[in-house]
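Welcome! Let us go through this structure as a friendly exchange of questions and reasons.

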Amino acid sequence: MNPDGDQRDGAGSDPPARVDAHLVAGGKYHDIDFARGELLGLLAEHPHVRVTVWPDYEAADAICEGAFLVSYTCDVRPSAKAQETITEWVRGGGRWVALHGTNAALDLGKPHGVESPRVFPTWAQTLGSQFIAHPPIQPYPVEIADPAHWLVADIEPFDTDDELYLMEYHDRDALQTLLQTRWQGNARGFAESDWTDGDDTHLIQYVRPLGQGAVLYNTLGHCRGHWDMAPVLAYYPTIERCSWTKPQYYELLRRTIRWALGESG
């Protein structure tokens with residue numbers, strides 16, 4: 001018992017078993033420190049989950065020894081070996097919560113704008129998508145695509161001020177769409193900027209089944225601080241927190257962690 005008379009975590013006849021998990025948080029153009037801290041705080045709500053943190057995916061063998069993986073990265077390009085190892089882990093039953101720029105490879109400073117090179121086909125196939133562009137950050141509606149699914153049930157549609165991810169999908173018919181939005185227009189600043197034709201539906205959160213395991217992808221959660229655009233800019237004038245200001249986003253993240261732990265409702 002603690003001094004206030006409460007039973008300590010793990011005390012009693014049947015404490016939860018320890019779960020080892022991994023968080024990969026690293027990359028460019030984002031406030032990785034902020035995202036890492038917020039995600040560790042959410043994971044800490046489950047005291048039996050013990051988390052190892054990595055800046056990239058190259059310790060793939062160690063990462064795949066964990067029960068689940070959470071990632072928040074941008075322009076982190078895994079080696080072919082790391083891609084293959086993590087893909088096979090998912091196929092074998094692993095659960096991976098992939099957030100925001102995990103599917104992004106970016107080449108800045110190109111003649112026609114930011115390019116999104118197709119440099120990790122295995123990665124994109126495993127994740128079910130690759131980031132291509134986004135329009136300027138502005139409010140847009142988040143629609144609940146499958147209101148009966150427990151991961152989004154009873155969450156009201158909401159507006160968020162975030163990067164709206166425009167993506168190239170892989171195995172599109174296999175993706176279980178949970179959140180989406182609709183948009184057509186110009187993603188100025190990107191080499192592939194014309195999004196005025198074709199399907200106007202863009203996935204925000206989905207589950208990508210793969211073998212015995214699955215990836216849960218959520219594109220929300222852009223964040224940037226003053227020093228996160230180096231060496232492009234030495235000092236970025238605006239602190240951006242986007243969906244991190246939304247209680248709905250935190251509820252979605254809490255449910256994804258429960259999903260990663262194997263819960264189904």
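Q: Where does Cys 242 lie?
A: In this predicted model, Cys 242 sits in the loop between strand 13 and helix 5.

Q: Why is Cys 242 called buried?
A: The relative accessibility of Cys 242 is 10%. Buried means under 20%, so Cys 242 counts as buried.

Q: What makes the phi of Cys 242 worth a remark?
A: Phi is positive here, about 50°, although Cys 242 is not a glycine. Most residues other than glycine have a negative phi. Another case is Asp 171, also not a glycine, with a positive phi near 55°.

Q: Where is Asp 171, and why is it called partly exposed?
A: Asp 171 belongs to the loop between strand 8 (166-169) and strand 9 (176-182). Its relative accessibility is 40%. Partly exposed covers the range between under 20% and over 50%, so Asp 171 fits that label.

Q: How do you know that Cys 223 is in no disulfide?
A: The nearest cysteine sulfur, that of Cys 242, is 8.0 Å away from Cys 223. A disulfide needs two cysteine sulfur atoms within 2.5 Å, so Cys 223 does not qualify. The structure as a whole holds zero disulfides.

Q: Why are Cys 223 and Cys 64 called buried?
A: Cys 223 has 0% relative accessibility, and Cys 64 has 18%. The cut-off for buried is under 20%, so the label applies to Cys 223 and to Cys 64.

Q: Which peptide bond is cis, and what is its omega?
A: The bond that joins Ala 230 and Pro 231 is cis, with omega about 5°. Most peptide bonds are trans. Pro 231 is found in the loop between strand 13 (213-218) and helix 5 (247-260).

Q: What makes Asp 162 a buried residue?
A: Asp 162, in strand 7, has a relative accessible area of 1%. That value is set against the cut-off of under 20%, so Asp 162 is buried.

Q: How do you know that Asp 162 makes a polar contact with His 222?
A: A polar atom of the Asp 162 side chain is 3.3 Å from the backbone nitrogen of His 222. The cut-off for such a pair is within 3.5 Å, so this pair meets the distance limit. Setting aside neighbours within four places in sequence, Asp 162 is also in contact with several residues, including His 100, Tyr 140, Gly 221 and Cys 242.

Q: Why is Asp 159 called partly exposed?
A: Asp 159 has its place in strand 7 (residues 158-162), and its relative accessibility is 48%. Exposed would need over 50% and buried under 20%, so Asp 159 is partly exposed. Beyond its neighbours within four places in sequence, Asp 159 is in contact with Tyr 140, Pro 141 and Lys 246.

Q: Why is Val 142 called buried?
A: Val 142 lies in strand 6 (residues 138-144) and has a relative accessible area of 1%. Since buried means under 20%, Val 142 earns the label. Among the residues Val 142 touches, not counting those up to four places away in sequence, are Pro 157, Leu 179 and Ile 204. Val 142 and Leu 179 are 37 residues apart along the chain, yet their C-alpha atoms are separated by 6.5 Å.

Q: What makes Thr 87 buried, and which backbone oxygen lies 2.8 Å from its side chain?
A: Thr 87, in helix 3 (residues 80-91), has a relative accessible area of 7%, and under 20% means buried, so the label holds. The backbone oxygen is that of Gln 83, 2.8 Å from a polar atom of the Thr 87 side chain.

Q: Why is His 22 called buried?
A: His 22 is part of strand 1 (residues 19-27). Its relative accessible area is 7%, and the cut-off is under 20%, so His 22 is buried. A polar atom of its side chain lies 3.2 Å from the backbone oxygen of Ala 62.

Q: How many residues of the largest pocket's lining are nonpolar, polar and charged?
A: The lining divides into 13 nonpolar, three polar and four charged residues. The pocket holds about 350 Å³ of space. Closest to its centre, of the 20 lining residues, are His 134, Glu 163, Phe 190, Arg 224 and Met 229.

Definitions and conventions. Residues numbered from 1 in each chain as written. Predicted model: local features only at pLDDT ≥ 70, side-chain atom pairs only at ≥ 80, totals over all residues. Heavy atoms only, no water. 1 Å grid on protein atoms, 1.4 Å probe; cavity = no way out; pocket = protein on both sides within 12 Å on 5 of 7 lines; lining within 4 Å. Points joined across faces, edges and corners; volume = space filled by probe spheres on them. Nonpolar A, V, L, I, M, F, W, Y, C, P; charged D, E, K, R; others polar. Buried < 20%, exposed > 50% of the residue type's maximum accessible area, 1.4 Å probe, protein only. Helix = DSSP H or I, 4+ residues; strand = E, 2+ residues; numbered from the N terminus. Polar contact = N/O pair within 3.5 Å; in protein donor to acceptor, adjacent residues only side chain to side chain. Contact = heavy atoms within 4.5 Å.
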